[in-house]
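Thanks for coming. Please have a look at the model on the screen, and I will then go through a few of its features.

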Amino acid sequence: MTKWLLFLALLLPLRAEESPATLLHRALNALRGPPMEAELWLAIERPSGTTRYRIWLYTDGDRRSLFRILAPARMQNQGFLVDGNRIWIYDPRFRRTLELPPSGKGQRFLGSDLAFEDLAGRGLEQDYRVALSRREQGRIILVLTC
C-alpha cells in the first residue's frame, strides 16, 4: 500500500484536551469557515524515494481556497484554485491557467494518493489516520497517514 504524509501547520487556538482527530475536524471546518492562511508540508513516500512539498494555503471563508507550491523549486509557484466544485491549475512555466474538467477531479494531486477533489477537504476525516506531531509557537502540527 502506498503511503503519504501530510503535515499541517495550523494557526488555531490551542486547547490541551483536544484529540488530533478533533483538531483536524476544526482545521477542516476553518477551511470551510472564516478566512484562514496555513502552511502545509506534504511528504509523498514511494518505493523510489520521498518527495517533500511545502504549500501555502489561503481560504477566503466562502467557497474558495488557493494552494501555491513553495518548494521544491521545480514546482515553485504552481497554483491551484478551488471554488466550490471547480478547480483551476496555474502552471508558471507556461503562464497558463486551465480549469480541471470534472473527469480530472479524481486524478492524483502532486503524485500523492490525494485526489484533486480532496483539496476541498472532503473525506479526509474518515479516510486517514491523524496524529498530533507537536505544538509550537501557537501552531499545531498534525500528521495524516493513509
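Is Arg 54 buried, partly exposed or exposed? Its relative accessibility is 35%, so Arg 54 counts as partly exposed. Before going on, note that this is a predicted model.

I start with Arg 54 because its side chain meets that of Glu 39 in a salt bridge, at 3.4 Å from N to O, and the two residues sit in separate strands, Arg 54 in strand 3 and Glu 39 in strand 2. Strand 3 runs over residues 49-59 and strand 2 over residues 36-46, so this pair ties together parts that are 15 residues apart in sequence. Glu 39 also counts as partly exposed, because its relative accessibility is 23% and the buried class ends at 20%.

How many salt bridges does a search of the whole structure find? It finds four, and I will show two others. One of them joins the side chains of Asp 60 and Arg 64, with 2.6 Å from N to O. Arg 64 has a relative accessible area of 39%, so this residue is partly exposed.

The other is between Arg 86 and Glu 99, where the closest N and O atoms are 2.8 Å apart. Arg 86 belongs to strand 6, residues 86-91, and Glu 99 to strand 7, residues 96-99, so here the linked parts are 13 residues apart in sequence. Both ends are partly exposed: Arg 86 has 43% relative accessibility, and Glu 99 has a relative accessible area of 38%. As general background, side chains of opposite charge can pair when their charged atoms come close.

Now to the nonpolar side. The largest nonpolar core has 20 residues, and those that touch the most other members are Leu 42, Tyr 53, Ile 55, Phe 80, Phe 109 and Leu 110. Which elements give two or more residues to this core? They are strand 2, strand 3, strand 4 (64-71), strand 5 (79-83) and strand 6. Strand 2 gives the most, with five residues.

Next, the aromatic rings. Two aromatic pairs turn up in a search of the whole structure. Trp 56 and Tyr 58 form a stacked pair, 6.3 Å centre to centre and with 10° between the planes. Trp 56 is partly exposed at 25% relative accessibility, and Tyr 58 is partly exposed at 32%.

Why is the pair of Phe 80 and Phe 109 edge-to-face? The ring planes stand at 75°, with the centres 4.9 Å apart, and planes over 60 degrees apart count as edge-to-face. Phe 80 lies in strand 5, whereas Phe 109 lies in the loop between strand 7 and helix 2 (124-127), so the pair ties together parts that are 29 residues apart in sequence. Phe 80 and Phe 109 are both buried, and both are among the core residues that touch the most other members.

Last, the empty space. The structure holds two cavities of 30 Å³ or more. The second largest has a volume of about 40 Å³. Which residues line the second largest cavity? They are Arg 74, Met 75, Gln 76, Gln 78, Asp 91, Pro 92 and Arg 93. By type, this lining divides into two nonpolar, two polar and three charged residues.

That is the end of my part.

Technical notes
Residues numbered from 1 in each chain as written. Predicted model: local features only at pLDDT ≥ 70, side-chain atom pairs only at ≥ 80, totals over all residues. Heavy atoms only, no water. 1 Å grid on protein atoms, 1.4 Å probe; cavity = no way out; pocket = protein on both sides within 12 Å on 5 of 7 lines; lining within 4 Å. Points joined across faces, edges and corners; volume = space filled by probe spheres on them. Nonpolar A, V, L, I, M, F, W, Y, C, P; charged D, E, K, R; others polar. Helix = DSSP H or I, 4+ residues; strand = E, 2+ residues; numbered from the N terminus. Buried < 20%, exposed > 50% of the residue type's maximum accessible area, 1.4 Å probe, protein only. Core = buried A, V, L, I, M, F, W, Y, C linked by side-chain atoms within 4.5 Å. Phe/Tyr/Trp six-rings, centres within 6.5 Å; stacked < 30°, edge-to-face > 60°.
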